[in-house]
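Me: Please take a close look at one part of this model and describe how it is covered and paired. Set that part in the context of the chain as a whole.

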Amino acid sequence: MVRSTAQRLRPALACAAALALTSACTSTTPDDSSPHASDQPPISANGAVPTPPSDAPQVIGGVAEVTVTSQRDVATGLDVPWAIAFTPDGDALVSERDAGRILRIGQDGATSALTGAGAQDLASANDPQGEAGLLGLALHPDDPSVLYAYQTRPDGNAVLRMSLNGNSLSAPTVILDGIPKARNHDGGRLAFGPDGYLYVSTGDAGNADLAQDKGSLAGKILRIVADGGAGDGLAAPGNPFGTLVWTYGHRNVQGMGWVADGRMYASEFGQNSTDEINLIEPGRNYGWPIVEARDGAPEGTELGETVDGLTYPVVEWATDDASPSGMAVTVEGLYVGALRGERVWRVPLTGEGVATPHVLLDGLGRIRNVAVGADGELYLLTGNTDGRGDVRDGDDRLLRVTISP
């Protein structure tokens, strides 16, 4: 029996409790001008996974390819939109990177800017140089009146907590600061994991060596307490090094999400040749800048392998085909927005790993983010007004996409 799109997508929301839905840009040089190796294979995929929990809620994967059956604009005229967080009633909260503003967008397209002391602080403290500014958003899964944001501020990148009452934001509390900032590679993804902790992606801030320094917050995925209380921003229990760090050796992670069986995946920008998706496991070193995906790996290294202490990606793309930004995870696939590639990639999931990616949608320009809405449908943010795209009439926009089968 063929299930509806909503039937297929909703289990991932219920079981994962959070999705990876926001993103940024790439490369030491701008993401749309980085050189790439001419002999790089365009797409590859593989990868083993940890043993899923015995109470995994449903079969993973089973859909080799899907197609778009309809798409519509929900809102247009957005100014460098970056992240999406959905309220329980289906409204989308969208961050605008350069303006330091958060919009509430209804299903009917009605759009209003959040107000209050928090909104004023976000706008006045925003430092939108290059790829920096107001980036990730995440609503607390058990209390959607608590909003977390990732922002580049005058003294660095920080994670903030605010109370949301209707359209009004309280003055922010900084729960984590000291994250290095730069014009490029600021990370910015926020996502609650199924364990209830907040995962934070950071970039290498243009200093690649920091990604290998476990004492630095740059080039990492962090895992922190975020329950709305005084302990917010502390290292979550069980972190592999007893610090905030969950994984290291990252250049600039832009998407994070969990499959219903517990697997965590993250999308990441390469530099000269290869972009990647990694299967994230605590304490692992994902190689940057020692290697770029498998460039520089020992001969014969397979996708998904850990060799000499470095863990290699499960999916690779040539940089012209991807620059993978925000990523949504469902029970049957990973949906990845591509900036330079100007398309949405779908990476089919299997019970054991991932299968060969295929293009789900193109023709919209740069795709900044992909998310699953409260209605179980896919939502896209275009990224053509960020200074690197070709602006089209109505850009930037939030779109609702229906897929089949």
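Reply: A residue is called buried if its relative accessible area is under 20%, exposed if over 50% and partly exposed in between, with a 1.4 Å probe and protein chains only. Strands (E, at least two residues) and helices (H or I, at least four) are DSSP runs, numbered from the N terminus. The model is predicted: local features need pLDDT of at least 70 and side-chain atom pairs count only at pLDDT 80 or more, whereas totals for chains, interfaces and linings use all residues. Residues are numbered from 1 along each chain as its sequence is written, and side-chain values use heavy atoms, with hydrogens and water left out.

The part chosen here is strand β4, residues 92-96, in which 5 of the 5 residues are buried. Ala 92, Val 94 and Glu 96 point one way, Leu 93 and Ser 95 point the other way, and all of them are buried. Strand β4 has partners in β3 and β5, where pairing requires at least two DSSP bridges between two strands. With β3 (residues 81-86) the sense is antiparallel, over 4 bridges, and Leu 93 of β4 is the bridge partner of Ala 85. The hairpin of β3 and β4 has 5 residues between its strands, and Gly 90 in its turn takes a positive phi of about 100°. Strand β5 (residues 101-105) also runs antiparallel to β4, joined by 5 bridges; here Ser 95 stands opposite Ile 102. In this second hairpin 4 residues lie between the strands, and the turn contains Gly 100, with a positive phi of about 65°.

From β5 the picture extends to helix α2 (residues 116-125), whose buried residues are Gly 116, Gly 118, Ala 119, Leu 122 and Ala 125. These residues pack against β5, as well as against β7 (134-139), β8 (146-153), β9 (156-165) and β10 (168-169).

Strand β13, residues 198-201, offers a parallel case for reading. Its two faces are both covered, with Leu 198 and Val 200 buried on one side and Tyr 199 and Ser 201 buried on the other. Antiparallel to β13 run β12 (residues 190-192), joined by 3 bridges, and β14 (residues 220-224), joined by 4. Val 200 is the bridge partner of Leu 190 and stands opposite Leu 222 of β14. Between β12 and β13 the hairpin has 5 residues, among them Gly 196, with a positive phi near 85°.

In the chain as a whole there are 2 helices and 28 strands, and 60% of its 405 residues count as buried. Among contacts (heavy atoms within 4.5 Å) with a separation of 6 or more, 61% are between residues 24 or more positions apart. The accessible surface, from the Shrake-Rupley method with a 1.4 Å probe, is about 13,700 Å², and carbon and sulfur atoms contribute 48% of that area.

A cavity is a set of points on a 1 Å grid over the protein atoms alone where a 1.4 Å probe fits but cannot get out, and lining residues have an atom within 4 Å of a point. The count is 1 cavity of 30 Å³ or more. The largest cavity has a volume of about 60 Å³, volume being the space filled by probe spheres set on the points, which are joined across faces, edges and corners. Its lining includes Arg 251, Glu 268, Tyr 286 and Trp 288. The lining divides into 5 nonpolar, 1 polar and 4 charged residues, where Ala, Val, Leu, Ile, Met, Phe, Trp, Tyr, Cys and Pro count as nonpolar, Asp, Glu, Lys and Arg as charged, and the others, Gly among them, as polar.

Definitions and conventions: On a 1 Å grid over the protein atoms alone, a cavity is a set of points where a 1.4 Å probe fits but cannot get out, and a pocket is an open set with protein on both sides within 12 Å along at least five of seven lines; lining residues have an atom within 4 Å of a point.
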